[in-house]
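Q: I've got a protein model open and I don't know how to read it yet. Could you walk me through a few features?

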Amino acid sequence: MKNTLTLLATILLVTACADGATAPDAAVNGGVAGMSPLTETSSASIGSATRFDTDEDFDCRGVVTGTFQNVYVRSGQSCTLTSATVKGNILAESRARLFVFETTTGGNIDGVEAAQLHVRGGRLEGSIQAQDGQSAGQIGIRIYGGTVLSQGSITIQKMNTGSISITDAVLQKGNIQVQENTTDGRLELLRNRVAQNVEVFVNGGAGAKAVVGNTVSQKLSCKDNTGPFTGGPNRAGDVEGQCRR
């Protein structure tokens, strides 16, 4: 009897360890050998969302859901939109932190000097743009989880941040441009599907940089990026510079 109880306890312990072994974003974060998975910031546990339904412009703070005309995140504020519908645009101002999860957006998502801009899943008719933000040591830009842009492009410029990650995005008509950014952790474009072009130019900082596993219908061009840099393999109509098929 004692041996049986000991065996049962061992089985339960092993099962409990196995259940807790998988990170929530393990499937999303997989990518380049030697680059450890990104860990989600405070946006990972969003808690319960407050619902709003309004045809007016909305100043967002905290965790919200619902239907909105346009959404603004004012300077220094933090906003998480989850399972929402935005008929127009979303704008994050200087030092703001914006997390957009599984949300339908009729226009653009813009970060103008915003510290963080994360987009997971959902669908946009416009573009995602971020520039001139400061967030050293953090994941400043993260677009992942199968985000679909039906019309627009992704443009990330002149960010000074810990990491920039664009993974598993689908651009049905647009381009990706990642230019003149500085990352102290990493910069990665992985497994994206892009209808037109991808340009990765003049990105600096000590962090590793990788452009791997992307499918680009037209041109994939990578130039003047500091190392360490991994440029492939990728699939593209034409490839030049540091990137390769």
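A: Let's start with Leu 190, which sits in strand β20, covering residues 182-190. Helices (H or I, at least four residues) and strands (E, at least two) are DSSP runs, numbered from the N terminus. Keep in mind that this is a predicted model, where local features need pLDDT of at least 70 and side-chain atom pairs count only at pLDDT 80 or more, while totals for chains, interfaces and linings use all residues. Residues are numbered from 1 along each chain as its sequence is written, and side-chain values use heavy atoms, with hydrogens and water left out.

Q: Is Leu 190 buried or exposed?

A: Buried means under 20% relative accessible area, exposed means over 50%, and partly exposed is in between (1.4 Å probe, protein chains only). Leu 190 has 2% relative accessibility, so it counts as buried.

Q: Which residue is Leu 190 paired with in a C-alpha distance?

A: Try Val 212: the C-alpha atoms of Leu 190 and Val 212 are separated by 5.1 Å, and the two residues are 22 apart along the chain.

Q: How many salt bridges are there?

A: First, the rule: a salt bridge is a side-chain nitrogen of Lys or Arg within 4 Å of a carboxyl oxygen of Asp or Glu. By that rule, the count here is nine. One of them joins Lys 87 to Asp 55, with the closest N and O atoms 3.1 Å apart. Lys 87 is in the loop between β6 (85-86) and β7 (90-92), and Asp 55 is in the loop between β1 (50-53) and β2 (58-59), so this pair ties together parts that are 32 residues apart in sequence.

Q: What is the relative accessible area of Lys 87, and what is it for Asp 55?

A: Lys 87 comes out at 46%, so it is partly exposed. Asp 55 has 54%, so we call it exposed.

Q: Which residues are linked in a network of salt bridges?

A: Asp 59, Arg 74 and Glu 93. Within that trio, the side chains of Asp 59 and Arg 74 meet at 3.2 Å, N to O. This pair links distant parts of the chain, 15 residues apart: Asp 59 is in strand β2, and Arg 74 is in the loop between β4 (71-73) and β5 (78-82). Asp 59 counts as partly exposed at 45% relative accessibility, and Arg 74 counts as partly exposed at 34%.

Q: Which residue forms a salt bridge with Arg 186?

A: That's Glu 188, and the closest N and O atoms are 3.0 Å apart. Arg 186 has 8% relative accessibility, so it counts as buried. Glu 188 is buried too, with a relative accessible area of 4%.
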